[in-house]
Amino acid sequence: MRELHPAVKLTQQLIQIDSQNPATGEKEIIRFIGDWLAEGGVPYRLQEVEKDRSNLIVEIKGGNKRPPIIFIAHTDTVPIGEGWQENPLGGEIRGGKIYGRGSADMKGGLAGALYAARMVHNERGLPGDLIVVASVDEEGPGMIGIKALLDAGIVGKDSLVISPEPTSLEIVRAHRGLVWYEIVTGGVSVHAGHAERGVDANHALAEVLSEIKTAVAALPFYHPLLKQPLVSIGQMRGGEKTNVVPNTARAEIDFRIVPPLTATLANRMIKSCAERAVKRVPGSTVIVSNLGLERAPIIIDENAQIIRHLTQSCRKVLGKDPAHAGYVAYTDAATVSLFTGNQNAICFGPGNLEQGHTLDEWAPVDEIEKCAEIFLALCKGE
């Protein structure tokens with residue numbers, strides 16, 4: 001049995017550290033990464049985001065032949081959940097797959113970026129600066145890790161940015177937009193035996209959600225990389241007891257948008273649907289509020305500088321050009337473009353997004369190896 005590639009071994013170690021957001025946070029994994037870098041003589045610094053939460057930043061100086069390359073790799077994972085057959089914190093390898101929470105999203109990509117930094121930190125003649133960020137809170141609604149980087153000016157409009165999310169080693173240059181909403185309906189509570197005297201807030205909420213679902217399904221928009229807009233109902237709650245007409249009900253929805261939709265148009269559409277629907281339940285009310293960031297769709301040109309450089313490195317390691325794709329999720333790379341106008345922010349990494357956030361999450365070992373070597377070639381300008 002051949003020795004594990006250093007990036008695969010590091011992936012195992014990262015998986016074995018519980019970094020669920022919000023259950024445990026990222027403090028332990030950031031500490032481990034700092035120790036791992038120090039063992040290799042790689043300097044780093046911490047950027048405090050909030051108490052006990054810090055981004056870790058590696059900065060390696062290079063020449064002026066190209067703008068800085070910045071890897072932004074989040075350290076947090078979604079909650080583990082119940083029902084795993086594999087050990088979610090085991091990092092076990094079997095059948096060419098490495099298992100565990102974060103294996104795909106995105107500790108394999110994080111390991112590849114850290115490996116590249118450790119391999120080149122003493123090299124002279126890098127074509128440009130290299131920055132690797134192990135960030136916090138990408139899986140949270142506020143994405144405070146990337147916002148802290150942007151506020152500090154660490155990531156700018158002209159940086160070449162890669163978020164090593166699970167893309168099956170395809171270049172993701174398009175992101176669906178994302179807007180979250182809280183919808184609260186109001187009614188009048190009475191005994192169910194006199195339901196005609198009350199106003200059923202659950203009924204009103206059902207009408208609103210049905211109206212939204214129908215309206216989104218009827219949208220004629222389609223993008224070749226991003227497909228169609230989608231809406232899902234993430235949470236619902238209403239009523240206190242079966243025999244009491246509820247006076248309030250609440251839901252949270254997730255709206256994924258594609259061009260030509262914008263966040264402003266999405267807001268207008270959702271509110272219009274809600275106001276129209278509650279009229280079918282006389283006496284009911286509705287309040288629609290945005291949750292978290294309002295994130296527009298992001299499309300990066302296929303000939304962007306970062307794509308040209310990364311394609312060259314893929315040819316060296318893989319012997320072929322990578323495919324281009326779109327992403328249904330919203331990442332740190334998209335957030336960089338959203339707030340700075342950066343047109344060189346993409347995703348590229350090992351594993352498949354379909355495995356992220358699932359039970360028995362896994363990533364292909366060979367993709368982690370290849371990704372690490374592609375990142376190394378990219379840093380060297382090969």
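Where does Met106 lie? Met106 sits in helix α3, which covers residues 103–120, and that is a good place to begin a walk through this predicted model. The peptide bond leading into this residue, from Asp105 to Met106, is cis, with omega near -5°. Another cis bond joins Asn21 to Pro22, with omega near 15°. Pro22 belongs to the loop between α1 (6–15) and α2 (27–39).

Let us stay with the backbone a little longer. Asp52 is not a glycine, yet its phi is positive, about 65°. You will find Asp52 in the loop between β1 (45–50) and β2 (53–60). With a relative accessible area of 41%, Asp52 is partly exposed. Leu169 also has a positive phi in a residue other than glycine, here near 60°. Look for Leu169 in the loop between β7 (160–163) and β8 (171–175). Is Leu169 buried or exposed? Leu169 counts as buried, because its relative accessibility is 9% and the limit for buried is under 20%.

Now turn to the charged side chains. Side chains of opposite charge can pair when their charged atoms come close. In this model there are 20 salt bridges. One of them brings together the side chains of Arg250 and Glu182, with 2.7 Å from N to O. Arg250 is part of strand β11 (residues 248–257) and Glu182 is part of strand β9 (residues 177–186), so this pair ties together parts that are 68 residues apart in sequence. Arg250 itself counts as partly exposed, at 28% relative accessibility.

Next, follow Arg280, which has a salt bridge with Glu207, where the closest N and O atoms are 2.9 Å apart. This pair links distant parts of the chain: Arg280 is in the loop between α6 (263–278) and β12 (285–295), while Glu207 is in helix α5 (residues 201–217), 73 residues apart. Arg280 also forms a salt bridge with Glu211, and here the closest N and O atoms are 2.9 Å apart. Glu211 is in helix α5 too, 69 residues from Arg280 in its loop between α6 and β12. How covered are the partners? At 42% relative accessibility, Arg280 counts as partly exposed, whereas Glu211, at 16%, counts as buried. Elsewhere, salt bridges join Glu26, Glu50, Arg53 and Asp137 into a network.

The cysteines make another stop on the tour. How many disulfides are there? The count comes to zero. Cys371 helps to show the reasoning: its sulfur is 8.5 Å from the closest cysteine sulfur, the one in Cys314, and this is too far for a bond, because a disulfide needs the two sulfur atoms within 2.5 Å. Cys371 counts as buried, at 1% relative accessibility. Cys273 is buried as well, with a relative accessible area of 2%.

Cys371 also leads us into helix α9, where it is among the buried residues. Helix α9 runs over residues 365–380. At 1.5 Å a residue, its 16 residues should span 22 Å, and the end C-alpha atoms are 23 Å apart, which agrees. How many of the residues of α9 are buried? The helix is mostly covered, with 12 of its 16 residues buried. Among them are Val365, Ile368, Ala372, Phe375 and Cys379. The buried residues of α9 also include the charged residues Glu367 and Glu369. An α-helix has 3.6 residues a turn, so residues three or four places apart point the same way. Just after α9 comes Gly381, which takes a positive phi of about 85°.

Our last stop is the empty space in the model. Rolling a probe the size of a water molecule over the atoms shows where empty space is left. The largest pocket holds about 460 Å³ of space. Which residues lie nearest its centre? They are Val78, Glu139, Arg256, Ala329 and His357, out of 18 residues that line the largest pocket. By type, the lining of the largest pocket divides into eight nonpolar, four polar and six charged residues.

Methods
Residues numbered from 1 in each chain as written. Predicted model: local features only at pLDDT ≥ 70, side-chain atom pairs only at ≥ 80, totals over all residues. Heavy atoms only, no water. Salt bridge = Lys/Arg side-chain N within 4 Å of Asp/Glu carboxyl O. Helix = DSSP H or I, 4+ residues; strand = E, 2+ residues; numbered from the N terminus. Buried < 20%, exposed > 50% of the residue type's maximum accessible area, 1.4 Å probe, protein only. Expected span 1.5 Å × (residues − 1). 1 Å grid on protein atoms, 1.4 Å probe; cavity = no way out; pocket = protein on both sides within 12 Å on 5 of 7 lines; lining within 4 Å. Points joined across faces, edges and corners; volume = space filled by probe spheres on them.
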